[in-house]
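Please open the structure in your viewer and keep the sequence beside it, since this tour moves from one selection to the next.

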Amino acid sequence: MSAGGRLTDRIRTRCLYTGESPRWLKGSLTRLDNLRPIPDADESQALLESRVMEHLAHGGAYFAHPFGIARTRITSDGETIVHLDDRTVSESGDQHPMSTYALDCLLPTRGKGIYVPRADDLRMTVIRNTDLGLTRNGVRTLVLRRTAGTRWRSELADRESPLRETDDDSLTISMGSRLTWHWERLDLAWLGSGLLRRIALFHTSSSAYRVTSWRQRREWIFELDTRRDVPLGHDVLLERLMDRVWGLPLRIQRASCTCGNDGSRAEGTMKSCVFCLVHTGDRVGVLQLRFRSVPGAAGDRATLQRVSADPAWLDRVLPAQGESSALEVPA
Ligand SMILES: [Zn+2]
């Protein structure tokens, strides 16, 4: 294979994993790719990225890309730029700019006379029209970037008064167990950062039309909802996540796969395949992936069109009825 061919393959693969644009990669990959195709973050940067991932990735709305993250860009000088979608639609049908959604997930609020941040160890740094810088320690930075039209400054100014007036006692409860939480966050930082840097896999390598995520102590759970008549197609995502070069150092610890079982295909029963992945070495943490099809959950194609979801992706994960048999996750 020619060097050009290999570079093309690497660009294609990196796009699959990160959501990055081929055009940007063509101009950058040869400089970026010194050791691994997707570099690891150091410990401090990993914790920052993991915290942002944790707060943005709970789902609960309609997104064109997983959790409203179109791509994660890692520049040659180590900066991580998370590109957000334009907008999202809430479960109640209200449309919001993604910048508004992200601030809702991340911004501090006030309780008992002190500010209690949602992401209580993050601080804002650089604020430009399309970029909002976040840091944990003043050294490492992650940039949230939205397309033209975003005005982070005005969004923040709009929130100033409501933030001052909020007095939510319940938000202080978590402070008592802060030390425990801190260590649990450290434990899963490698996983959160690694997944944020491979965020597009949930879009390109899965048949799920919706992904939700939450943490339970040292376990990070992702629930991937697939329509009943579309194959769960978990093998492609698992293979790419565990890929020796492009993936994370993960292995399957436990698996429960029922999609080949005739009984699971019966109408009215939920199809569910669960995989628990752990580090191949000694890092703490479990990634639990739940692939499922819930009877009666058909997905909402019209709402995903409202957030400008890619038509080709929609045709794959929410095809017109009767057209799903030939549509599977592209290899
Ligand atoms: Zn299965």
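## A buried residue in a loop

Begin by selecting phenylalanine 67, which counts as buried because it has 27 C-beta neighbours inside 10 Å, where 20 or more are needed. Its place is in the loop between strand S1 (61-62) and strand S2 (69-74). If your viewer lists backbone angles, look at phi, which for phenylalanine 67 is near 60°, a positive value in a residue other than glycine.

## The whole model

Now zoom out to the whole protein, and keep in mind that this is a predicted model. Colour the protein by pLDDT: the average is 80, and 76% of the residues score at least 70. Then select residues 161-180, where the pLDDT is below 50 and where, beyond near neighbours in sequence, the model has 18 contacts. Where pLDDT is low, the predicted coordinates should not be read in detail.

With the secondary structure displayed, the protein shows 10 helices and 15 strands. Of its 331 residues, 34% count as buried. Among the contacts with a separation of 6 or more, 64% are between residues 24 or more positions apart.

## Helix H3

Next select residues 43-56, which form helix H3, with 14 residues and a reach of 20 Å from the first C-alpha to the last, close to the 20 Å expected at 1.5 Å a residue. Is this helix enclosed by the rest of the structure or open to the outside? Helix H3 is largely enclosed, because 11 of its 14 residues are buried. The buried residues of H3 include Leu47, Leu48, Val52, Met53 and Leu56, and also Glu49, Arg51 and Glu54.

## The five-stranded sheet

Move on to the open sheet of 5 strands, whose order is S11-S12-S15-S14-S13 and whose pairing is mixed. At its edges stand strand S11 (210-216) and strand S13 (250-256), each with a single partner strand, so one side of each is left without a neighbour in the sheet. Neighbouring strands of this sheet are turned by 20° against each other on average, direction ignored.

Select S11 together with strand S12 (residues 219-225), and you will find the two paired in the antiparallel sense over 7 bridges. Two of the residue pairs can be picked out here: arginine 210 has aspartate 225 in S12 as its bridge partner, while valine 211 has leucine 224 in S12.

Follow the chain to the hairpin of S11 and S12, which has 2 residues between the strands. Arginine 217 lies in the loop between S11 and S12, and its phi is positive, at about 50°, although it is not a glycine. With 12 C-beta neighbours inside 10 Å, arginine 217 counts as exposed.

Stay with S12 and show its side chains. In a regular strand the side chains alternate between the two faces of the sheet. Which residues of S12 point to the buried face? Trp220, Phe222 and Leu224 point to one face and are buried, whereas Glu219, Ile221, Glu223 and Asp225 point to the other and are not.

For the last stop, add strand S15 (residues 286-293), which runs parallel to S12 and is joined to it by 7 bridges. Here leucine 224 appears again, this time with phenylalanine 291 in S15 as its bridge partner.

Terms used: Residues are numbered from 1 along each chain as its sequence is written. pLDDT is the predictor's confidence in each residue, from 0 to 100. Two residues are in contact if their C-beta atoms, placed from the backbone, lie within 7 Å. Two strands pair if DSSP finds at least two bridges between them. Helices (H or I, at least four residues) and strands (E, at least two) are DSSP runs, numbered from the N terminus. Axes are lines fitted to C-alpha atoms, for helices over the stretch in contact, and angles run from 0 to 180 degrees between N-to-C directions. The expected span of a helix is 1.5 Å times one less than its number of residues.
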